[in-house]
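Subject: The structure we talked about

Hi there,

Here is the structure I promised to pass on. Have a look at it first, and then read on for what turned up.

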Amino acid sequence: MTDNCTTIVPGQAVKSWQQAGLNLVSRLYGGRDVIFAIDLTESVGLNDEGRIRLAQIIEDSLQSGDTVYIVPFASEVNPLSVDINPLVAENGIEFRGKSADIERILATVPFQSDVTLRNTDIQKAEGYIYQGLAGLNQCRLAENNAIKPQSVVWLTDAPLSTAAGITSDVWVETPGLSPFRIADSLESQNRQAWLNILPLTERSRQIEGDNNTSYQITVVDIAPTVQEFCTPAPGGKETCLVTPYLLKMLWLPTSILVALLIAAGVATKYLITLNKKWKLKISFPTDDSQEEQTCYLKNQQRIAIGDDSLNSIACPGEEIRGYLQRKGDLLYLIPTKTEPIFYREQEVLQAIKIERNSFRFNCPSSENNRQDFNINIRVIK
């Protein structure tokens with residue numbers, strides 16, 4: 001991403017279904033923007049507890065794929081390095097879960113305050129950071145890259161999220177000439193617009209500093225979002241940003257998901273079919289003395305032909321002539337060769353696959369007179 005993507009103004013709020021799609025994009029592709037916004041004025045000077053807590057956040061809560069930005073501020077944003085914009089994507093520190101990444105981040109954090117700095121312009125810092133974060137995600141949207149959830153870790157004794165036009169009663173340190181002291185100034189209104197449109201969730205922990213001072217570590221989480229801009233287009237149409245972006249980012253994962261669901265449905269149906277018993281309706285057209293039988297066949301089960309047990313098929317003789325065996329959704333006729341079995345006028349000498357749900361085979365009563373004993377079977381699956 002290039003820094004010409006980062007200039008952005010508040011747009012329209014996205015619809016609930018669009019926000020759900022943006023959340024899905026961020027989950028599928030992973031990663032977060034994590035900003036450490038550190039007040040460098042002497043009143044905040046990080047004591048031992050502050051250093052421990054900050055190091056704890058860096059070492060324990062960062063995840064592989066996060067991009068970390070360090071933004072020190074006082075009366076001016078980023079006073080230590082005025083030549084670079086710390087919220088340009090190229091200046092982020094990529095965290096891959098390695099100890100070297102942690103050391104690099106810790107080495108970048110200014111743990112010492114600067115006694116020459118004073119008068120924290122907190123509303124200026126807020127406006128700068130929130131607009132910069134929105135710009136990062138808007139740049140990703142423009143380039144069809146995955147947007148990210150974002151978090152700002154504030155270390156400051158200044159009050160956050162105050163109303164536009166901050167007075168000395170609220171925060172005495174705001175510089176006297178700061179446009180943020182004027183509620184209807186362009187800068188104040190711009191900051192307030194970002195506070196209103198971004199989905200901010202704030203949590204704080206107070207820390208007692210040195211010399212009877214205190215400051216807070218405040219984590220502000222921002223759900224993955226972008227600014228929607230819908231513009232009239234020729235032909236009575238309207239062109240927008242978010243929906244085409246979601247289609248581009250989600251068509252492949254959605255296609256894969258649909259394919260997996262279809263495959264899962266087919267597999268589930270197949271498993272249900274495998275576990276379902278088959279009913280075999282058996283009749284004996286050449287022997288009126290034999291009553292019609294009903295047998296049941298589970299997957300991998302076989303039924304004897306010629307046995308006198310309950311779940312078997314009657315036929316002349318004392319020997320088992322063969323078996324009907326089910327394997328999945330296939331049925332096989334397997335001879336034992338003790339007595340002949342004929343299927344479709346041919347003696348069965350090896351296992352054959354039965355490909356019909358209604359079929360007939362013959363178990364003649366003897367080799368000499370070849371008296372037929374036909375068996376009709378209808379398979380109900």
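**Overall shape**

The protein has a radius of gyration of 38 Å, whereas a compact globule of 381 residues would have one near 21 Å. Please keep in mind that this is a predicted model. Along its principal axes, the C-alpha trace spans about 120 × 60 × 35 Å.

As for what it is built from, the protein contains 6 helices and 18 strands. Of its 381 residues, 43% are buried. I also looked at contacts between residues at least 6 apart in sequence: 62% of these join residues at least 24 apart.

**A helix pair to look at**

If you want one place to zoom in, try helix α2 (residues 48-61) and helix α3 (residues 99-108). The two pack with their axes 10 Å apart, at an angle of about 150 degrees. Angles over 145 degrees count as roughly antiparallel, so that is how α2 and α3 run relative to each other. Their crossing is right-handed.

Which residues make the contact? On the α2 side they are Ala55, Ile58 and Glu59, and α3 contributes Ile102, Ile105 and Leu106. By character, the residues of this contact comprise 5 nonpolar and 1 charged, with no polar ones. The charged one is Glu59 of α2.

Happy to go through any of this with you at the screen.

Best wishes

Methods: Residues numbered from 1 in each chain as written. Predicted model: local features only at pLDDT ≥ 70, side-chain atom pairs only at ≥ 80, totals over all residues. Heavy atoms only, no water. Axes fitted to C-alpha atoms, helices over the stretch in contact; angles between N-to-C directions. Helix = DSSP H or I, 4+ residues; strand = E, 2+ residues; numbered from the N terminus. Parallel < 35°, antiparallel > 145°, perpendicular 65-115°, else oblique. Left-handed = near helix turned anticlockwise from the far one by under 90°. Contact = heavy atoms within 4.5 Å. Rg over C-alpha atoms; globule rule 2.2 N^0.38 Å. Buried < 20%, exposed > 50% of the residue type's maximum accessible area, 1.4 Å probe, protein only.
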